[in-house]
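Please open the structure in your viewer and keep the selection tool at hand. The stops below can be followed in order.

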Amino acid sequence: MKSSIVEPLPTDDDIIVIEHVYKSFGQVEAVIDANLTVKRGEVCFIFGPSGGGKSTLLRCINHLEKPDSGIIIVDGIPVSDAKTNIDLVRAEVGMVFQLFNLFPHLTALGNITIAQEKVRKRSKEEAERIARELLERVGMPEKADVYPDQLSGGQKQRVAMARALAMNPKIMLFDEPTSALDPEMIKEVLDVMLDLAKEGMTMVVVSHEMGFARAAADRMVFLEEGRIIEEATTEELFASPKEERTQIFLSHIL
Amino acid sequence: MAVTTKTEERESKLIPWTGRLADVPWWALIILLLGALIVYFFLISPTYQDALLFLRAGVRLTIGVSLISFFLALILGLVLGLGRVSNNVVFYTISSVYVEVVRGIPILVLLIYFAYVVTPLALQFLNWLGTTMSGSLAIGPLVGLADRLADLSIQDVEMTVRAIVGLAFAYAAFEAEVFRAGIQSIQRGQMEAARSLGMGYFQGMRYIILPQAIRRVLPPLGNDFIAMLKDSSLISVLAVRELTHLGKLNRARTFRTFETWNTVAFLYLVLTLSLSVFVKLIERRMAYEE
């Protein structure tokens, strides 16, 4: 770890610190030497070609994937430390999945209340009050008693966001939240995310929605073949990407 | 949709009567007819009525044994099933060895083994435990318990109890596999979502995975319950006075082989058919759209 002596120590402002993280699946190296810090209140946008390790890196943050080596510190807690109770960290880090992963045996309301009751130990009444407020906020108060299978993709993803927000997370992770949606439903999900960004939520977003990045991201990270190729502010990256591979990728999708 | 339905309706009138005959549930009609015939025999024949009265207690015991054994098998099976999907090597290994060994032995052999080998061994152990306790560390209320254990004899364990335990242990292996399959059929994302919300592994199992898995495995569990009810006839070799054993006794008592086994078979059928209707009702109540 000789490089960490040279690098500035993480300050209180850095809510996520990722240092020299490696992760491979068998022969496939998904993440190679990733270094990244996210500041409190920042929206960090990770993009790049499919299979480039974006999701794996994101999932390392709340330890859904266990890194092979490296350090990840979330809000001052080292998540890859064996002594850390990972459940306590995860309760502070909300996650939204590409395929929603709503609980099909529970209503929209039940999806949002279950972890509040079982993890946050809130009373049923309080959990339901919070859940209804959040359903209001994502624009679907009338769907409280509906089961996930009766919701559209966009509605499912908004319930999933409400479910994560109900835990009052300090950080929200988004793993391609709009990739499984029909085009006409993407906006309703992005609108909720934009609101969240405006309210100052710390967000790490893996996505192909460059429009969202332009509107809300503070910083952009380009990831290809497991490596972080370029990292810059949103203005810089759109105006003048330094790396050639970033330029090629942007020219393909913009 | 409405258009196709209309066409189908119109076409159905054009189907020849032979085609429409094929749609009648003949199997149900035949079963009903046979049932009616047998009930008729019961009503007119004193031999059948006598057999029925004699076998009544056996039906009660068969139902009781099956219910208790299956309940125990479900609990043990769930624990073993959780072991089969566990990352804990010890838990996984114990469960796997149990399932593989017990599944590979005929139930009849298992029942005899439990009744005549495991039970005496367990008793010897309890006797030894009682003697040791009263000799050394029996204090206060433990004295009574120690003496009780030391005085236990093999006659104290009824054959019915041994049969119930044997059946439960035998079927637990099958239920473990049913639960394992059900748990593994739930998408990985469900546990990930639960964990991402801060739930522990067991919370995720209890509140998210198992409620879905158990709904999914209700049909195979229902099948196994019916299979166990039938297999409970095997405990007649332990001289437990359930339906099949009472059938043997009735034949020996009356020499009416034909009527006796007709009645026994009919009673089993009534039990299993009503059970399968009951299982269907539960499945329909528990069903939800996925």
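For this tour, contact means that heavy atoms lie within 4.5 Å, and it is worth bearing in mind from the start that the model is a predicted one.

Begin by selecting residues 124-137 of chain A, which form helix α5. This helix has 14 residues, and from its first C-alpha to its last it reaches 20 Å, close to the 20 Å expected at 1.5 Å a residue.

Next, within α5(A), pick out Ala127(A), Ile130(A), Ala131(A), Leu134(A) and Leu135(A), which are its buried residues. Because they cover an arc of only 140° around the axis, they sit on the same side of α5(A). To see what covers these buried residues, add α4 (108-118) and α6 (153-165) of chain A, which are included in that cover.

Now turn to the face of α5(A) that points away from its buried side, where you will find the exposed residues Glu125(A) and Glu136(A). Then move to Gly139(A), just after α5(A), which takes a positive phi of about 80°.

For the last stop, leave the helix and look for enclosed space. Rolling a probe the size of a water molecule over the atoms shows where empty space is left. How many cavities of 30 Å³ or more does the structure hold? It holds one, and about 30 Å³ of space lies in the largest cavity. Select Val74(A), Asp75(A), Ile77(A), Val89(A) and Glu92(A) to display the residues that line the largest cavity; this lining divides into three nonpolar residues, no polar ones and two charged ones.

Methods:
Residues numbered from 1 in each chain as written. Chains lettered and ligands numbered in written order. Predicted model: local features only at pLDDT ≥ 70, side-chain atom pairs only at ≥ 80, totals over all residues. Heavy atoms only, no water. Helix = DSSP H or I, 4+ residues; strand = E, 2+ residues; numbered from the N terminus. Expected span 1.5 Å × (residues − 1). Buried < 20%, exposed > 50% of the residue type's maximum accessible area, 1.4 Å probe, protein only. Arc of directions from axis to C-beta. 1 Å grid on protein atoms, 1.4 Å probe; cavity = no way out; pocket = protein on both sides within 12 Å on 5 of 7 lines; lining within 4 Å. Points joined across faces, edges and corners; volume = space filled by probe spheres on them. Nonpolar A, V, L, I, M, F, W, Y, C, P; charged D, E, K, R; others polar.
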